[in-house]
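User: I am new to this structure and would like a close look at one residue and what surrounds it. Could you walk me through it?

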Amino acid sequence: MAYQYVKDPSNSPVDFDPSATFLQVLKTNKDQIISINDTPVQQVPKNTLIRFRCMIQDTGLGQEMFISAYEKLDKNGDMKLHCYRYTDDAVESEFSDQHAMQNEHIAERAIVYCVSPPGESKWVKDAHNVNSGKRMFMGPWHHALTHPLASGSLSDQINQLEIKEPNPTTLSKFPLPGQDHASAIVKFYNEMAEDIKVGQLIEIIGIKGQDLQQPTQPADEHQGFDSVLDMFSNVPVIHAIAFNNLEAINSCPLPNHENVSHQAHDIRNQLISYISSTVGGDTLVAEYILLQLLSRVTVKNRGLKIGNFTLNISGFPAHQTTEADKKTPLLTLNNPASKCLADALQNLSIHHVNLPLTIDGLNKTKFSPKSVSENLEAGVLQLVDGTVLLVDETVLDEGQLVDPGVRNFQALQNVIQNQTLTYEFPYSQYDFDTDISVLSLSCTRSMLANHCTIPLESTHSLEDNSAENLVQPSQETLDLFRRFIHAGKYGSYDISDQVSEYIQNSFVEERKVATENKTELPTQEELMHRMNLARLAAASFGESNLTQERYDYVVDLDKKRKARIASSSSAPQPSK
């Protein structure tokens, strides 16, 4: 596929960059461009304009040389320069000594492996796909072609295809074992690859290239070397023209025309009612879960992360793993008491992952990415920022942790405590920043570090979460919840000097009273914890400025939590 390029004497063909134009297309007409997130890529013809919502999984595949432009005689005998990007096809011209390939026409493109976003909730897929009843292929034709399989669920479409044998290499590169996903080798041009990083969530617009094929000859028989791409047989190739960052505030697919702050109190009450119905009617636990959903890393300073809030809910019923449970996929929640809360979190979160902590799962699953034979295999914790990770300790049974299991447990602790994930390479390892919201469920004291623990006090059995006990919000109400959480999570926040002084004086007075009463003194760490909760509480009320009233509200909320811990014989005394 060649595009004629009108040469500007001041520019080199290597500098040709249409990304800005195509970014505008992506913003204004993206629903007319087929997405391989919801249409099987096997049905998309080569040289078709497509888009792919994905996570950057591996940036270590290097670069490759390619011909960015070449000269060719037209029918009138004149030499014309043609742009030759966004393809792997052989050049349609023979080069003689008189018309040799010029060095300035040789360029490099970065090779990156991308996967569909792990843990992406169903409502997010549906929202991205809302206008895709019939998409138009924007291919190398002069007319539009309506694709016959551009409607229906992805699984329905896949069932109509003759699927090739799965590639073990690609299966190892998706973080969540056994789950369906799309993947692609993406080739980035110019300096585009300098703006991406591992774990980043983006949407690419590009040209579908030729799917990678298994080499037909041994490496030493063709051109004397092998390619890093030889291991990726049957993987589609996308030549990226442009990409859009979908992280943080850009991650929610719902239209955000409506300001929900004026409805904050009503939405907040409905949200707590909805969440509490999944945890046995416990509104205090539900409120803490809401605050956890609003949390994120807001400050990164020399390895220190501030703003994230990890929560443990103790007192959940234990679940004895059965033989039938052992036959389910490793990331399946088998405790009925945990499933209703997990469903609610998935309904409210953009990305959500369940992580049942079983001995078998810890020993057999890889939590941290690891490079094996120059291939970065994914780990369960290689997730996009903002993912809500529900860790279920209630299914932890008796057994022995072997070395991989110990490493996995340490990796999880590292994410919780430091918001970093270690990537292992043959002779080194590197820590990458994360922003994963961790909520753990346990029967008694959690084995994991957390910012605070709250015992569950349910009014009915969690294993009997019948329809009469569960709140069932409408689709419209759920969308309102989602917009509300997203706005609160990424909204602005400020503390006035007056409120700061009030907090400081209150803390000094509290320590003074504790000294007089010979009770435990509140610590600096506890003050930081309250300050973080105060920010989250303000967001949950639709407020962007912390007030004295809201800080006092949080102090009272924390006292209720501590009183519950003190009265609970099955819960540990708080360490924070």
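Analyst: Happy to! Let's start with a pair of side chains: those of D392 and S338 make a polar contact, at 2.9 Å. Please keep in mind that this is a predicted model. D392 belongs to strand β19, which covers residues 388-392.

What is the nearest side chain of opposite charge to D392? That is K339, but K339 is 9.5 Å away, and D392, although buried, has no salt bridge. A salt bridge would need a side-chain nitrogen of Lys or Arg within 4 Å of a carboxyl oxygen, so K339 at 9.5 Å does not qualify.

Who else surrounds D392? Setting aside the neighbours within four places in sequence, D392 is in contact with L333, N335, S338, L355, P356, L357 and L441. S338 thus appears again in this list, this time alongside residues including L355, P356 and L357.

For contrast, here are two spots elsewhere in the model. L304 sits in strand β14, residues 304-306, and is partly exposed because its relative accessible area is 49%. Together with V299 and I306, L304 forms a nonpolar patch on the surface, and the three share about 230 Å² of accessible area.

The other spot is G60, found in the loop that links β3 (49-58) and β4 (63-67). G60 counts as exposed because its relative accessibility is 57%, and the cut-off for exposed is over 50%. G60 and A110 are 50 residues apart in sequence, while their C-alpha atoms are 9.3 Å apart in space.

Technical notes: Residues numbered from 1 in each chain as written. Predicted model: local features only at pLDDT ≥ 70, side-chain atom pairs only at ≥ 80, totals over all residues. Heavy atoms only, no water. Helix = DSSP H or I, 4+ residues; strand = E, 2+ residues; numbered from the N terminus. Buried < 20%, exposed > 50% of the residue type's maximum accessible area, 1.4 Å probe, protein only. Lys, Arg positive; Asp, Glu negative; His and termini not counted. Polar contact = N/O pair within 3.5 Å; in protein donor to acceptor, adjacent residues only side chain to side chain. Contact = heavy atoms within 4.5 Å. Patch = residues over 30% accessible without salt bridge, like charges linked within 9 Å, V, L, I, M, F, W, Y side chains within 5 Å. Areas by Shrake-Rupley, 256 points an atom, 1.4 Å probe, with all protein chains shown as cover.
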